[in-house]
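Trainee: Could you take me through one part of this model up close? I'd like to start from a single side chain in the core and work outwards from there.

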Amino acid sequence: MKKTQVAVLASGRGSNFEALVRASADESFPASIALLVTDNPSAGALAFAREHGIDTAVVDCGPRPGSMTRSSSEAIFELCRMRDVGLVCLAGFMRIVKGRLLEEYAGRMLNIHPALLPSFKGLHGQKQALEYGVRVSGCTVHFVDPGIDTGPIIVQHAVPVMQDDTEDSLSARILAEEHRAYPEAVRLFAEGRLRLEGRKVLIQDE
Ligand code: GRF
């Protein structure tokens with residue numbers, strides 16, 4: 001069966017991008033990483049993609065921080081269309097996606113967030129969880145909709161929050177789960193096992 005072509009959009013370190021690339025190295029993984037797009041020429045993700053022979057594109061998305069310009073949304077959509085991309089994965093992409101890219105990839109765009117949504121949306125989900133005093137946090141992979149971290153939830157992995165956690169120690173515990181959760185969600189999508197019912201995601205044969 002033909003593998004789903006995936007474009008990953010990342011602005012920084014790129015460890016989730018790496019996790020997806022490593023997962024896709026397995027023959028049985030139903031998706032292949034076709035493209036890395038970044039808005040940041042010094043993103044770690046960019047260096048990793050180049051070392052691994054993955055197509056890359058640096059797209060000027062306008063002033064940071066901010067959402068993305070209309071023209072950059074068009075440009076990224078075009079890059080994806082040219083490669084027959086069937087799934088767009090946001091992995092630490094520090095932009096609110098809007099415009100053509102969001103419209104064309106509605107239902108085919110995922111994001112990973114370092115908290116158990118709907119708690120602690122937006123920036124610094126780990127710090128928000130620590131400050132709130134929750135006992136359990138984690139990560140969420142969800143479909144992207146026009147809101148910020150509001151789309152239908154596909155996969156969540158929980159981790160305990162320890163009494164002596166710092167933002168760094170909690171972030172590291174969550175990140176280890178992110179690296180499992182994102183490939184899991186991409187696999188489910190690429191196997192065609194996800195169905196939306198309202199804002200609920202039903203997983204076939206679970
Ligand atoms: C991750 O914590 C992810 O959940 C959030 O941004 C961070 C990106 O990390 N959206 P990396 O660049 O994938 O290492």
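Mentor: Let's start at Tyr 182. In this predicted model, and leaving aside its neighbours within four places in sequence, Tyr 182 is in contact with Asn 16 and Leu 20, with the run Cys 89, Leu 90 and Ala 91, with Leu 110, Asn 111 and Ile 112, and with Val 141.

Now zoom out a bit. Tyr 182 is among the residues with the most contacts inside the largest nonpolar core, which has 41 residues. Val 8, Phe 17, Leu 110, Ile 154 and Val 186 are the others named in that group. Helix H6, residues 167–190, supplies the largest share of this core, with nine residues. The core also draws at least three residues from each of domain 1 (1–105) and domain 2 (111–206). There's another core apart from this one, made of 22 residues, including Ala 57, Phe 77, Phe 93 and Met 109.

Since the big core takes residues from both domains, it's worth checking how the two halves sit together. The centres of domain 1 and domain 2, taken over C-alpha atoms, are 19 Å apart. Their contact takes 20 residues from domain 1 and 17 residues from domain 2.

Next, the ligand. Two of the contacts of Tyr 182, Asn 16 and Ile 112, turn up again among the residues around the ligand. The full surround is Arg 13, Gly 14, Ser 15, Asn 16, Gly 92, Ile 112, His 113, Pro 114 and Glu 178. Have a look at the polar atoms here. Arg 13 puts a polar side-chain atom 2.6 Å from an oxygen atom of the ligand, and Glu 178 has a polar side-chain atom 2.7 Å from an oxygen atom of the ligand. With Ile 112 the backbone does the job: an N or O atom there lies 3.0 Å from a nitrogen atom of the ligand. On its own the ligand exposes 360 Å², and the protein buries 85% of that.

One last stop, back towards the start of the chain. Thr 4 lies in strand E1, residues 4–9. Thr 4 counts as buried because its relative accessible area is 16%, and the cut-off for buried is under 20%. Not counting residues up to four places away in sequence, Thr 4 touches Pro 30, Ala 31 and Ser 32, then Gly 86 and Leu 87, and finally Phe 189 and Ala 190. That brings you back to helix H6, which spans residues 167–190.

Technical notes: Residues are numbered from 1 along each chain as its sequence is written. This is a predicted model: local features need pLDDT of at least 70, side-chain atom pairs count only at pLDDT 80 or more; totals for chains, interfaces and linings use all residues. Side-chain values use heavy atoms; hydrogens and water are left out. A nonpolar core is a set of buried Ala, Val, Leu, Ile, Met, Phe, Trp, Tyr and Cys residues joined through side-chain atoms within 4.5 Å. Buried means under 20% relative accessible area, exposed over 50%, partly exposed in between (1.4 Å probe, protein chains only). Helices (H or I, at least four residues) and strands (E, at least two) are DSSP runs, numbered from the N terminus. Domain bounds come from an automatic or database domain assignment. Contact means heavy atoms within 4.5 Å. A residue is near a molecule or strand if one of its heavy atoms lies within 4 Å of it. A polar contact is a pair of N or O atoms within 3.5 Å; within protein, one must be able to donate a hydrogen and the other to accept it, and residues adjacent in sequence count only if both atoms are side-chain atoms. Accessible areas come from the Shrake-Rupley method with a 1.4 Å probe; for residues, only the protein chains shown count as cover.
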